[in-house]
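Please open the model in your viewer and keep the sequence panel beside it, since this tour moves from one selection to the next.

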Amino acid sequence: MRYFGLIGQKLGHSFSKKYFTEKFEREKIEGQYELYEIPTIKELPALWARVPLSGMNVTIPYKQEVMDYLDEISPEAAAVGAVNTVLFREGRKIGYNTDTYGFRVSLLNFLGDTKPEQALVLGNGGAAKAVRYVLEQQLGYKPCLTVSRSAAGPNQITYADLKELNLDDYPLIVNTTPLGMYPYEEDAPAIPYERLGEGHFAYDLIYNPAETRFMQLAEQHGAQACNGMEMLILQAEGAWEIWNS
């Protein structure tokens, strides 16, 4: 029996246990996948001592903090600055980022023939780092503008600063925050939705609910919207390949 799992703070919304359990059954592989809620990243060594994991997924808010606990980090994950997948091999813990693959493929499917040059990225956590890496380093976008509660660096602004911004210059808006995630479906990032139009694409990394408030508000003003379900499945398949290759 091989053991796998997901770490995070609140995992009641997660699809990972069902997804990987069914996949182990289909592939006829003896594997067990569990959800491990830990209040702080400092609890991670105790979890590892208790459970002989072969692979692990990482979600909010530990995608950056987990890097300090690993023996090795893949070049792409190091460039992103975040890890969402860990492989345990010969006593070493190796970090990878499969969010990049999942986001890139699903975004290109969403955009079709449209090729925006600039994007607003809502949020500044580990998922946002993967999104910016894909847009800037892999798809050739201009440097993304990050929107968060407190701007702390170049190309970062606060939500209050949006009133001074011409949103027509940013056809793609990507929500990487947990705002609107079950069970808080009525929440949404505080952006001026009334200034969106038919030329905008609103991509939400959230997959539960399937249509978030962010998506609804964007669509009400003519934008096209997409949730993160395809990205979620693709990044999970990327993790599976790492664990079983």
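Begin by selecting P209, which lies in the loop between β11 and α6 (213–220); helices (H or I, at least four residues) and strands (E, at least two) are DSSP runs, numbered from the N terminus. Add N208 to the selection, and you will have the two residues that a cis peptide bond joins, with omega at about 10 degrees.

Before going further, note that residues are numbered from 1 along each chain as its sequence is written. This is a predicted model, in which local features need pLDDT of at least 70, side-chain atom pairs count only at pLDDT 80 or more, and totals for chains, interfaces and linings use all residues, while side-chain values use heavy atoms and leave out hydrogens and water.

Now select Y182 and P183, which are also joined by a cis peptide bond, here with omega at about 5 degrees. P183 is found in the loop between β10 (172–175) and β11 (201–204).

Next, zoom out until the whole chain is in view, coloured by secondary structure if your viewer allows it. The chain has seven helices and twelve strands. Its radius of gyration, taken over C-alpha atoms, is 18 Å, close to the 18 Å that the globule rule (2.2 Å times the number of residues to the power 0.38) gives for 245 residues, so the chain is as compact as a globular protein of that length. If you turn the model along its principal axes, the C-alpha trace spans about 55 × 35 × 35 Å. Of the 245 residues, 54% count as buried, where buried means under 20% relative accessible area, exposed means over 50%, and partly exposed lies in between (1.4 Å probe, protein chains only).

Turn to the loops again and select K28, in the loop between α1 (16–27) and β2 (31–37). K28 has a positive phi of about 55 degrees although it is not a glycine, and K28 is exposed, with a relative accessible area of 76%. Then move to E90, in the loop between β5 (85–89) and β6 (92–96). E90 is likewise a residue other than glycine with a positive phi, near 50 degrees, and at 79% relative accessibility E90 counts as exposed.

From there, step back along the sequence to F88, which is in strand β5. Is F88 buried or exposed? At 19% relative accessibility, F88 counts as buried. Leaving aside neighbours within four places in sequence, the residues in contact with F88 (heavy atoms within 4.5 Å) are W48, L53, S54, G55, M56 and K93. For a distance across the model, draw a line from F88 to H200: these residues are 112 apart in sequence and 42 Å apart in space, C-alpha to C-alpha.

Finally, select the cysteines C144 and C226. A disulfide is a covalent bond between the sulfur atoms of two cysteines. How many disulfides does the chain have by the distance rule, a pair of cysteine sulfur atoms within 2.5 Å? The count comes to zero. C144 is in no disulfide, and the nearest cysteine sulfur, that of C226, is 17 Å away; C226 is in no disulfide either. With the surface displayed, you can check that C144 is buried, with a relative accessible area of 2%, and that C226 is buried too, with a relative accessible area of 16%.

Definitions and conventions
Disulfide = S-S within 2.5 Å.
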